[in-house]
Number of protein chains: 2
Amino acid sequence: MKISTKGRYALRVMVDLASREEGVYTPLRDVAERQGVTVKYLEQIIPLLHRAGYLKSFRGNAGGYRLSKAPANYTVGDILRTAEGSLAPIACLDAEENDCERREICCTLPFWTGLNKVINDYVDGVTLADLLEDWKAHSGDRYAI
Amino acid sequence: MKISTKGRYALRVMVDLASREEGVYTPLRDVAERQGVTVKYLEQIIPLLHRAGYLKSFRGNAGGYRLSKAPANYTVGDILRTAEGSLAPIACLDAEENDCERREICCTLPFWTGLNKVINDYVDGVTLADLLEDWKAHSGDRYAI
DNA sequence: CTATCATACCACTGGAATAGTAGGAATACA
DNA sequence: TGTATTCCTACTATTCCAGTGGTATGATAG
């Protein structure tokens, strides 16, 4: 039950951008270098966040991306669900998929529902600002994304 | 982030067997029929549970599988980890994989560690007996696996 | 004692999803 | 005109998932 690279990198990109000065555009090249990922692969992940309205972009020379809102206004849950599609541990819990005919007699469904709630409660309770703060505190002055 | 059919079916097989009379061997054919899965596919999943010592088998005519212990002695976490390999949401958290060089400076690792704990605490807090009991209560007399 | 049947057990395969790579067009600015 | 960027589309290698065909084993009927 793994989160794919889409979700993992998306979160790291968001934290990276959250750590930059507010309002300035950061080129993907810089993010990719700091995060140890290729620009080309990030270019495939960023649009998911962009289309969701989480990022503003600027093309051309000296362009790049920046957050649309302050870091405290993004929950990690929103970011992961945007990149991954859904965090539900089984398809039966996704809105489009709950047509399973065993639904009423399934002996494991209540368990999965509980797991789903535990996961979503956790990820929705953490914001980008929380991540950034904890991590600055942990790294002291010499923090670097 | 989905649990695969291995984990899902493994859990259903265990609950199914837990609902049978204690000590008797139940053929996979019966389990497969009740669960709406092919025998062939279950035959691929069962060995994982068998090798872990969770099940006892008996070959030949009138053979089958039964639980090794009482239902209350199996946590859902143990069953899922046996079938799935690991429930960690990212590979960095698996014992064999924590050689990532970004480990000390990773801004998201604490978040993933927390998610891992939330997930494992939940699944380790539920036993087969719990599932069976809740589900009998929910279905009344006419429960059927 | 032998044939038969029901069962657990083992090995293999096709297809889908993941994780990238690559080329190039559009855009903004100097 | 040149350069640095976002943006779009296609391609590929690999791994994982789901499912199938065939073999070994044990009980039992004749």
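Which helices and strands each supply at least two residues of the surface near DNA strand D? Select helix H2 (28-35), helix H3 (39-51), strand S1 (55-58) and strand S2 (64-67) in chain A, then add helix H3 (39-51) of chain B. Here, helices (H or I, at least four residues) and strands (E, at least two) are DSSP runs numbered from the N terminus, and "near" means a residue heavy atom within 4 Å.

Before going on: this is a predicted model, where local features need pLDDT of at least 70 and side-chain atom pairs pLDDT 80 or more, while totals for chains, interfaces and linings use all residues. Residues are numbered from 1 along each chain as its sequence is written, chains are lettered from A and ligands numbered from 1 in the order written, and side-chain values use heavy atoms, without hydrogens and water.

Now show everything around DNA strand D: 22 residues, with Arg29(A), Tyr65(A), Thr5(B), Lys40(B) and Gln44(B) the closest. Of the strand's atoms that come within 4 Å of the protein, 53% belong to sugar and phosphate.

Zoom in on Tyr65(A), where a polar side-chain atom sits 2.3 Å from a phosphate oxygen of DNA strand D. Hop to Lys40(B): one of its polar side-chain atoms is 2.2 Å from a base oxygen of that strand.

Last stop, Asp94(A), in the loop between helix H4 (76-84) and helix H5 (109-124) of chain A. Is Asp94(A) buried or exposed? It counts as buried because its relative accessibility is 12% (buried is under 20%, exposed over 50%, partly exposed in between, with a 1.4 Å probe and protein chains only).

Note on methods: A polar contact is a pair of N or O atoms within 3.5 Å; within protein, one must be able to donate a hydrogen and the other to accept it, and residues adjacent in sequence count only if both atoms are side-chain atoms.
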